[in-house]
Amino acid sequence: MAEGTLYEKYGGFSQISRIVLSFYDTLLDNDEIGPFFDDVDMSRIVDHQTKFMASLLGGPASYTDNQLRQLHSHLSITDAHFDELEEVLRGTLSQHGMTAEDIEVVIAEFEKRRPLIVR
Ligand code: HEM
């Protein structure tokens, strides 16, 4: 794995898994975002969160732009949904002790993908 990534700095797989679990709980409880996952198989949701987090932190399981676009093309995700997920992400990372500076790096990675996800 690439050295010096945020993924490594914040403890690699074990710590990231902990962040993912808490992100997952908050997300499913969220009135705006939760419903997107209503009909999605549990294991796919955990898969989503893990790959989502790892790819934003520079860890393994990165996706090409085309793959990301295709994976979300059947969902009507709006800018408002994307913004809401951004807030959930910010909150989760902050709760897990990520520095404000590093959170901004992750949010920038997240924002880069907005045009692929929002329709
Ligand atoms: C940078 C932003 C995002 C990334 C990197 C990302 C990544 C992914 C990946 C890798 C998958 C496939 C998981 C698998 O292997 O099954 C996926 C599926 C999914 N994503 Fe995202 N995602 C992003 C944003 C969002 C947003 C904003 C939403 C909802 C508001 C969302 C909702 C979903 C749902 C519901 C699925 C499952 C689709 C299905 O299996 O039918 N994603 N995402």
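Leu 6 is found in helix 1 of this predicted model. Its relative accessibility is 13%, and because the threshold for burial is under 20%, Leu 6 counts as buried. Between the C-alpha atoms of Leu 6 and Val 105 there are 9.0 Å in space, although 99 residues separate the two in sequence. Thr 5 belongs to the segment before helix 1. With a relative accessible area of 12%, Thr 5 is buried. From Thr 5 to Ser 94 the C-alpha to C-alpha distance is 18 Å, for a sequence separation of 89 residues.

The nonpolar interior may be considered next. In soluble globular proteins, nonpolar side chains tend to be buried together. In this model, the largest nonpolar core comprises 32 residues. The residues with the most contacts inside this core are Ile 16, Phe 23, Met 53, Leu 57, Leu 89, Leu 93 and Val 106. Two or more residues of the core come from each of helix 1 (6–9), helix 2 (12–29), helix 3, helix 5, helix 6 (100–112) and helix 7 (114–117). Helix 2 supplies the largest share, namely six residues.

From helix 2 the path leads to Asn 30, which lies in the loop between helix 2 and helix 3. Is Asn 30 buried or exposed? Its relative accessibility is 12%, and since this value falls under 20%, Asn 30 counts as buried. The side chain of Asn 30 is joined to that of Glu 84 by a polar contact of 2.9 Å.

Helix 5 offers two further positions for inspection. Val 88 lies in this helix and is buried, with a relative accessible area of 9%. The C-alpha atom of Val 88 is separated by 11 Å from that of Gly 34, a residue 54 positions away along the chain. Arg 90 also has its place in helix 5. At 24% relative accessibility, Arg 90 counts as partly exposed, because the value lies between the 20% limit for burial and the 50% limit for exposure. The C-alpha atoms of Arg 90 and Ala 100 are 9.3 Å apart, with these positions 10 residues apart along the chain.

The ligand remains to be described. Where does the ligand sit? The ligand occupies the largest pocket. The elements that contribute two or more residues to the surrounding shell are helix 3 (42–56), helix 4 (65–72) and helix 5 (79–95). Helix 3 gives the most, with six residues. Helix 3 and helix 5 are also among the elements that give two or more residues to the nonpolar core.

What is the composition of the shell around the ligand? The shell divides into 13 nonpolar, four polar and four charged residues. Of the 21 residues around the ligand, those that come nearest are Arg 44, His 48, Lys 51, His 72 and His 74.

Three of these side chains can be described through individual atom pairs with the ligand. For His 72, an N or O atom of the side chain is 2.7 Å from a nitrogen atom of the ligand. For His 74, a polar side-chain atom lies 3.0 Å from an oxygen atom of the ligand. For Lys 51, an N or O atom of the side chain is 3.1 Å from an oxygen atom of the ligand. The cut-off for a polar contact is 3.5 Å between N or O atoms, and the Lys 51 pair at 3.1 Å therefore falls within it. The His 72 pair, at 2.7 Å, is therefore likewise within this cut-off.

Technical notes: Residues are numbered from 1 along each chain as its sequence is written. This is a predicted model: local features need pLDDT of at least 70, side-chain atom pairs count only at pLDDT 80 or more; totals for chains, interfaces and linings use all residues. Side-chain values use heavy atoms; hydrogens and water are left out. A residue is near a molecule or strand if one of its heavy atoms lies within 4 Å of it. A polar contact is a pair of N or O atoms within 3.5 Å; within protein, one must be able to donate a hydrogen and the other to accept it, and residues adjacent in sequence count only if both atoms are side-chain atoms. On a 1 Å grid over the protein atoms alone, a cavity is a set of points where a 1.4 Å probe fits but cannot get out, and a pocket is an open set with protein on both sides within 12 Å along at least five of seven lines; lining residues have an atom within 4 Å of a point. A molecule sits in a cavity or pocket if more than half of its atoms lie within 2 Å of its grid points. Helices (H or I, at least four residues) and strands (E, at least two) are DSSP runs, numbered from the N terminus. Ala, Val, Leu, Ile, Met, Phe, Trp, Tyr, Cys and Pro count as nonpolar, Asp, Glu, Lys and Arg as charged, and the others, Gly among them, as polar. A nonpolar core is a set of buried Ala, Val, Leu, Ile, Met, Phe, Trp, Tyr and Cys residues joined through side-chain atoms within 4.5 Å. Buried means under 20% relative accessible area, exposed over 50%, partly exposed in between (1.4 Å probe, protein chains only).
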